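Hello,

Please find the structure below. My notes on it follow.

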Amino acid sequence: MTKKPLAYPTTMNRRSGLLNFLLLILLFVLPLGGHSQSKKALKYFDEAKSLYRNSDFQQVLERLKYVVRQEPNWIEPVLLQADAYGETDSLDARVNALEKALDIDDEKYPRVFFLLGNARYQQGEYCLASRAYQRFLDTGRAARLESEVHRKIAACDYAAQLVAQEVPFAAVNLGDSVNTPMNEYWPSLTIDGKKLVFTRLLPVENRTSPLSPRFQEDFYQSDWQEGAWRKAHPLATVNTADNEGAQSISADGRLLFFTACHRPDSYGGCDLYFSRLQNGQWTAPQNAGSPVNTGAWESQPSISANGEYLYFVSTREGGKGGRDIWRCRLEGFRADGRPIWDEPENLGDSINTVGNEVSPFIHSDGKSLYFASDTWPGLGDKDLFVAKMKTDASWTSPQNLGYPINTVNEEKGLVVDASGTYAYYSSNREKSKGLDIYRFKLYEAIQPDAVSYVAGVVYDKSSGMPLSARVELIDLGNNSLITKTEASPPKGDFMICLPLGEEYAFNVTMPGYLFYSANFALKEVHKLENPVELEIGLEPITPGGKTVLRNIFFKTDSYALESQSQVELKKLLEFMRQNPNVSVEIGGHTDGVGTADYNQLLSENRAKAVYDYLIGAGISASRLAYKGYGFTVPVADNTTDEGRALNRRTEFKVLEYTR
């Protein structure tokens with residue numbers, strides 16, 4: 001039975017070409033027995049080399065223990081011993097073996113200094129690592145690796161500086177409702193912070209043979225209720241007897257992307273899959289399809305809060321190194337449920353290196369990317385970084401999150417809540433508990449921009465029945481669609497990300513109904529703890545039905561339309577085109593400031609400006625009328641700024657409707 005790999009392996013194979021260059025010398029260049037006079041030592045050394053070829057490293061070390069004891073000045077067995085320790089993650093023993101080899105002969109194999117520097121770096125002994133690298137340069141035999149060695153010395157200096165400039169960090173375990181004696185890792189959050197989905201590594205019951213996998217990965221969800229995380233429960237319809245891992249849940253909690261390997265419908269070894277929450281149940285997982293998946297390795301997805309982009313890791317052709325971060329635009333879903341993708345794009349040299357960049361997380365602000373890398377300057381195996389997207393869609397240089405968030409160990413799988421204040425990640429900080437999920441507060445320099453969200457329900461205003469309406473959020477500054485979703489059955493509820501600092505048009509539409517319009521002017525901070533919550537009753541199209549156009553703007557004391565009005569004007573035009581059997585009146589209203597005659601004329605001219613736009617766009621004049629009401633039909637108190645703002649409005653009213 002073939003053992004299937006974990007979707008998110010908790011350990012990594014550290015073998016590399018540089019690590020094993022000594023083994024190549026031992027196996028193919030040196031004459032057997034070139035030093036030793038002991039036949040038994042020679043025999044054991046030959047056996048150790050053969051066992052190494054078969055990756056039986058424990059037996060390699062057993063054979064070499066005798067050889068090294070009998071022939072303490074024979075350098076080649078000590079070097080093979082160092083490589084075997086490296087393969088078994090015995091870092092301290094590897095360092096000791098490399099230093100012993102240099103004690104025996106520090107001239108025969110000068111690259112041992114380089115390997116010692118690497119091992120010392122992995123230990124977090126940055127000064128000793130730098131010293132070993134410099135000794136390699138001093139041999140005069142480092143030409144082929146000289147630039148790499150200088151880069152590593154600079155990395156040692158940078159790492160030492162990070163340790164000296166410790167950043168604020170206090171990790172808090174999420175507790176027994178989430179964490180167990182098993183490994184829990186790869187947390188993902190909904191935008192309201194109330195659903196936590198993560199991966200748990202479980203023992204396999206009823207194994208069919210000794211070759212069957214001992215562990216497999218499943219998804220669990222914990223809900224935040226009454227100030228605490230509730231006991232996690234499995235995602236039953238998504239989990240299988242095989243591995244599922246490295247997942248990302250959408251901002252509204254209705255779309256889950258994840259990694260699965262070697263399934264019958266896979267394109268390669270590991271592919272991205274998805275499931276959708278419909279009528280309260282997760283659908284059967286489907287392969288995300290091409291071009292997201294290829295014959296290469298794809299894993300570790302992160303879906304943007306607006307649902308526009310899927311970020312992921314791939315080893316496909318066209319990358320910068322081993323594992324690169326890519327993204328692909330999600331255009332929507334076909335009638336059969338399959339996703340529609342644009343072409344994938346590599347994030348480029350600003351993010352990806354010749355090494356490995358993994359575990360991307362795109363924050364809800366849409367521009368803060370957190371990821372792990374083994375090549376950008378850091379403290380050890382893989383460090384966590386943050387980069388910000390610029391206005392031209394390029395990225396700032398990655399910033400190391402600092403020590404002790406990063407350590408000599410491997411850090412990855414970090415997500416940040418919508419407020420930008422708290423991060424969640426997995427760590428084995430308490431060795432006896434394995435990998436657990438922790439939360440910690442981000443210091444200000446590495447925080448993303450805060451966002452909030454809009455949550456609500458859509459229903460038929462006449463019957464009270466929930467509706468599956470389309471919900472859109474549009475940036476009025478540049479007329480760009482920020483996000484779109486649908487109110488979901490059976491409740492007709494929705495939740496969308498609301499980036500702070502801009503002004504947005506919010507529209508809810510459904511065939512057969514008047515559309516709903518709202519405006520969110522978020523120039524000031526709107527806290528995540530106080531989101532916008534709406535109950536939206538859509539009016540069926542009937543004579544007399546009205547809609548307030550919240551995003552029609554005029555210059556002060558003028559009937560000249562502001563450019564920001566284009567979003568709402570286009571929505572009104574779309575409604576008129578989709579409902580050719582509707583005739584409407586455009587009504588203009590003012591506040592109570594000024595004379596009645598002045599406001600009457602101003603309101604009439606403003607209504608006519610909208611009327612003229614529709615006529616100019618091809619709507620027949622026979623379907624349109626306009627009227628100014630001045631301040632005669634207030635909807636709020638004219639003695640306050642807020643009330644006057646509500647009274648200054650443009651409406652449309654249905655005059656005739658033929659089914």
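A residue is called buried here when its relative accessible area is under 20%. Please keep in mind that this is a predicted model.

Helix 10 covers residues 596–616. In this helix the buried residues are Asn599, Leu602, Ser603, Arg606, Ala607, Ala609, Val610, Tyr611 and Leu614. They pack against helix 9 (566–578) and against three strands: strand 32 (582–589), strand 33 (624–628) and strand 34 (649–657).

The length of helix 10 can be checked. The expected span is 1.5 Å times one less than the number of residues. Helix 10 has 21 residues, so it should span 30 Å, and its end C-alpha atoms are indeed 30 Å apart. Just after helix 10 comes glycine 618, with a positive phi of about 105 degrees.

Now the chain as a whole. The protein chain holds 34 strands and 11 helices. Its C-alpha trace spans about 115 × 55 × 45 Å along the principal axes. Of the 659 residues in the protein chain, 52% are buried. Taking contacts between residues at least 6 apart in sequence, 59% join residues at least 24 apart.

On the outside, the protein chain has an accessible surface of about 30000 Å², and carbon and sulfur atoms account for 49% of that. As for charge, there are 83 negative and 71 positive side chains in the protein chain. The centres of these two sets lie 4 Å apart.

Regards

Key
Residues numbered from 1 in each chain as written. Predicted model: local features only at pLDDT ≥ 70, side-chain atom pairs only at ≥ 80, totals over all residues. Heavy atoms only, no water. Helix = DSSP H or I, 4+ residues; strand = E, 2+ residues; numbered from the N terminus. Buried < 20%, exposed > 50% of the residue type's maximum accessible area, 1.4 Å probe, protein only. Contact = heavy atoms within 4.5 Å. Areas by Shrake-Rupley, 256 points an atom, 1.4 Å probe, with all protein chains shown as cover. Lys, Arg positive; Asp, Glu negative; His and termini not counted. Charge placed at Lys NZ, Arg CZ, Asp CG, Glu CD.
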